Amino acid sequence: MMTMFSFILVTTVLVMGRESGALENCLQEQARLRAQVHLLETWVKQQQVKITRLLHEKEIQFLDNGEENNAIDLGGKRQYADCSEIFNDGYKRSGFYKIKPLQSPTIFSVYCDMSDGGGWTVIQRRSDGSENFNRGWNDYENGFGNFVQENGEYWVGNKNLHLLTIQGDYTLKIDLGDFEKNSRYAQYKLFKVGDEKNSYELNIGEYSGTAGDSLAGNLHPEVQWWGSHQRMKFSTRDRDNDNYEGNCAEEDQSGWWFNRCHSANLNGLYYTGPYTAKTDNGIVWHTWHGWWYSLKSVVMKIRPNDFIPNIV
């Protein structure tokens, strides 16, 4: 009887031992699988961050509506440094084209305005408030916006502005429109944007036009010392290069060549004409409508000073 009892006891212990070992192995396997899932989740998050960064670094221009880029196909005939070369090569239709400035490592899309004498490279457009211009340094450096629709809002990018304007002497023309269907323009005979090392500093030359000189000269002396944008570095909410004790870009919710802070801010918030706010943060051209009227439309465009249209 004792022998039988001992046998049963030993058998029970062995069975329980095996079950205990199996349970322990199961728990270890669960722990291993959980660790693998955690690693995979971490990897996915890291890839998402990398993708977001690459969208900026590689200057890939995507639209919210997912449409494909509709740049006019020039058949790979040659590479063009700006829209003036495209115009003088016989393409007279306004629209999006691919260009590659002489020192640019990449090709990028711009809108070419072939009216108004032709050959204008559009570097900025405001039309309906559809694009967010309250962005950080990287976005303004690389460019952002709608590069498909004819009236789509965009900023071509400070890096591209520098590459465009170091090719020679460029004229800047700014077409302005208000909500009462009036239009004015301001033109500067020289427009250059510095490199990243110099924070994309603005340099402009002689003014002409009907909107008044809100970028540099002909302001009242009491305004000019704090409102002129001549030789100002570019500022954004996360890169403060202005002369103000605060942060103009943060207060005015845009990127621009701020001083203390501005007499012009064409990247400001989109209001419908007269507005009230804590700061004058609308789309402002002081010498036309003052600081408390936000413009309806803006087109900033450039063309070589010595441009002679080929009308053949």
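**A walk through a predicted model**

Hi everyone, let's start with a charge and a ring: Lys92 lies over the face of Phe87, at 3.8 Å from the ring centre. Before I go on, please keep in mind that this is a predicted model. There is another example of such an arrangement, where the charged end of Lys173 sits over the ring of Tyr185, 4.8 Å from its centre.

Let's use Lys173 as our way into the strands. Strand 6, residues 170–177, and strand 7, residues 183–188, run antiparallel and are joined by 6 bridges. Which residue of strand 7 stands opposite Lys173? That is Gln187. Now follow Gln187 to another neighbour: in strand 10, its bridge partner is Ser208. Strand 10 covers residues 207–209, and 3 bridges join it to strand 7, again in an antiparallel arrangement. If you trace the hairpin of strand 6 and strand 7, you will find 5 residues between the strands, and Lys181 there takes a positive phi near 70°.

That brings me to backbone angles. Most residues other than glycine have a negative phi, and most peptide bonds are trans. So where should you look for exceptions? Try Ser199, whose phi is near 55°, a positive value. You will find Ser199 in the loop between strand 8 (191–193) and strand 9 (202–204). Is Ser199 buried or exposed? Its relative accessibility is 12%, so Ser199 counts as buried.

Gln253 also has a positive phi, near 55°. Its place is the loop between helix 6 and strand 11. With 28% relative accessibility, Gln253 counts as partly exposed. While you are in that part of the chain, look at the peptide bond from Arg260 to Cys261, which is cis, with omega near 15°. Cys261 lies in the loop between helix 6 (248–252) and strand 11 (264–265).

Next, strand 1, which spans residues 95–99 and is mostly covered, with 4 of its 5 residues buried. Its antiparallel partner is strand 2, residues 108–113, and 5 bridges join the two. Within that pairing, Tyr97 stands opposite Val110 in strand 2.

Staying in strand 2, let me point out Asp113. With a relative accessible area of 11%, Asp113 is buried, because the cut-off for that word is under 20%. Its side chain makes a polar contact of 2.5 Å with the side chain of Ser115. What else is Asp113 in contact with, leaving aside its neighbours within four places in sequence? The residues are Ser94, Gly118, Gly119, Trp120, Val122 and Lys301.

Now for the aromatic rings. How many aromatic pairs are there? The count comes to 19. In one of them, Phe96 and Tyr154 have ring centres 6.3 Å apart and planes at 45°, so we call the pair tilted. This pair links distant parts of the chain, with Phe96 in strand 1 and Tyr154 in strand 5 (residues 154–155), 58 residues apart. Phe96 is buried, at a relative accessible area of 3%, and Tyr154 counts as buried too, at 0% relative accessibility.

Here is another pair: the ring centres of Tyr140 and Phe234 are 5.3 Å apart and their planes are at 50°, so this one is also tilted. Tyr140 sits in helix 3 (residues 137–142), while Phe234 is in the loop between helix 5 (221–227) and helix 6, and 94 residues separate them along the chain. Both Tyr140 and Phe234 are buried. They also belong to a cluster linked by ring pairs, together with Phe133, Trp137, Phe144, Trp155, Tyr200, Trp256 and Trp257.

Let me finish with a helix. Why can we say that helix 4, residues 158–165, is largely enclosed by the rest of the structure? The reason is that 7 of its 8 residues are buried. Those buried residues are Asn158, Asn160, Leu161, His162, Leu163, Leu164 and Thr165. It helps to remember that an α-helix has 3.6 residues a turn, so residues three or four places apart point the same way.

To recap two stops on our walk: Gln187 stands opposite Lys173 and also has Ser208 as its bridge partner. Have a go at finding them on the screen, and thanks for listening!

Key. Residues numbered from 1 in each chain as written. Predicted model: local features only at pLDDT ≥ 70, side-chain atom pairs only at ≥ 80, totals over all residues. Heavy atoms only, no water. Buried < 20%, exposed > 50% of the residue type's maximum accessible area, 1.4 Å probe, protein only. Pairing = 2+ DSSP bridges. Phe/Tyr/Trp six-rings, centres within 6.5 Å; stacked < 30°, edge-to-face > 60°. Lys NZ or Arg CZ within 6 Å of the ring centre and 35° of its normal. Polar contact = N/O pair within 3.5 Å; in protein donor to acceptor, adjacent residues only side chain to side chain. Contact = heavy atoms within 4.5 Å.
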